[in-house]
Amino acid sequence: MQAQGQMENDLGKIIIDTDVIATYAGAVAVECFGIVGMAAVNMKDGLVKLLKKEYLGHGIQVHYNEGGSISLDFHCIISYGVSIAAVAANLRETVKYKVEEFTGLSVDRINIYIEGVRVID
C-alpha cells in the first residue's frame, strides 16, 4: 500500500520529503536548455528574484496526489530569444523522467510558470 510520499515493502518504509524532490527537480531543471534558473516571487510587491543554486528548491512546489503520484509547479526564468514552448516541453520530459527514476514515484503533472526572461551573454 502506497500513501502520500511514501513507499512500503517487506523491509520497511521509505518516506520522501517534498524538499528533497524540489531540490532534485531544480537541479535537473537548470541543466535544461533555455532555463536560466528558478525564481522566487514576492507576492506582496510582485518582484521576481533569480535564486542561487543553493536555493533551487524554493522555486518549486511539490504536491502529493491521491494514488501516490506527485505534481510539480516550477517558477522559472528563461533565456531571451528561446522558444517558450520548446523549453517547456524539454523541461517537462526531462524532469518527469529523472524525478520518476530518482524517487520511484509517478509524476502526474508539471505546471510551468515563466516568471521572467534574462539576456545571457
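Two strands are taken to pair if DSSP finds at least two bridges between them. In the predicted model described here, strand β6 (residues 70-79) is joined on this basis to strand β5 and to strand β7, as set out below. Within the pairing with β7, F74 has I112 as its bridge partner.

The pairing of β6 with β7 (residues 107-118) comprises ten bridges, and the two strands run parallel. A further bridge partnership in this pairing is that of S79 with R118 of β7. Between β6 and β7 the chain passes through helix α2 (residues 84-103), and the resulting β-α-β crossover is right-handed. The pairing of β6 with β5 (residues 60-64) is antiparallel and comprises five bridges. Here V62 stands opposite L72 of β6. Five residues lie between the strands of the β5 and β6 hairpin, and G67 adopts a positive phi near 90 degrees. Strand β6 is mostly covered, with ten of its ten residues buried.

Two serines of β6 were examined individually. S71 lies in strand β6 and has a relative accessible area of 7%, so S71 is classed as buried. A polar contact of 2.9 Å links the side chain of S71 to the side chain of N65. Apart from neighbours within four places in sequence, the residues in contact with S71 are Q61, V62, H63, N65, D108 and R109. Among these contacts, V62 is also the residue that stands opposite L72 in β6.

S79 is likewise part of strand β6. Its relative accessible area is 16%, and S79 is therefore counted as buried, the cut-off being under 20%. When residues up to four places away in sequence are not counted, S79 touches G34, V36, V117, R118 and I120. Of these, R118 is the bridge partner of S79 in β7.

The contact between S79 and G34 leads to the loop between α1 and β3, in which G34 is found. The relative accessibility of G34 is 8%, and G34 is therefore buried. With neighbours within four places in sequence left aside, G34 is in contact with I77, I78, S79, V82 and V87. The C-alpha atoms of G34 and L50 are separated by 14 Å, these residues being 16 apart along the chain.

The largest nonpolar core contains 28 residues, of which I21, I35, M38, L72, F74, L91 and V95 touch the most other members. Two or more residues of this core are supplied by each of α1 (18-29), β3 (35-42), β5, β6, α2 and β7. Two of the residues with the most contacts to other members, L72 and F74, also appear in the strand pairings: L72 stands opposite V62, and F74 is partnered with I112 in β7. For I21, the contacts not counting residues up to four places away in sequence are I16, V62, Y64, I70, L72, V99, T103 and L105.

Helix α1 also contains V20. The relative accessible area of V20 is 41%, which means that this residue is partly exposed. V20 and E100 are 80 residues apart along the chain, and their C-alpha atoms are separated by 13 Å.

The cysteines were considered with regard to disulfide formation. A disulfide is a covalent bond between the sulfur atoms of two cysteines. The model contains zero disulfides under the criterion applied. C32 is in no disulfide, the nearest cysteine sulfur being that of C76, 8.9 Å away. For C76, the closest cysteine sulfur is in C32, and the separation of 8.9 Å is too far for a bond because the criterion requires the sulfur atoms to be within 2.5 Å. Both cysteines are nevertheless covered: C32 is buried at 6% relative accessibility, and C76 is buried at 0%.

How values were computed: Residues numbered from 1 in each chain as written. Predicted model: local features only at pLDDT ≥ 70, side-chain atom pairs only at ≥ 80, totals over all residues. Heavy atoms only, no water. Buried < 20%, exposed > 50% of the residue type's maximum accessible area, 1.4 Å probe, protein only. Helix = DSSP H or I, 4+ residues; strand = E, 2+ residues; numbered from the N terminus. Right-handed = clockwise from strand over helix to strand, strands pointing away. Polar contact = N/O pair within 3.5 Å; in protein donor to acceptor, adjacent residues only side chain to side chain. Contact = heavy atoms within 4.5 Å. Core = buried A, V, L, I, M, F, W, Y, C linked by side-chain atoms within 4.5 Å.
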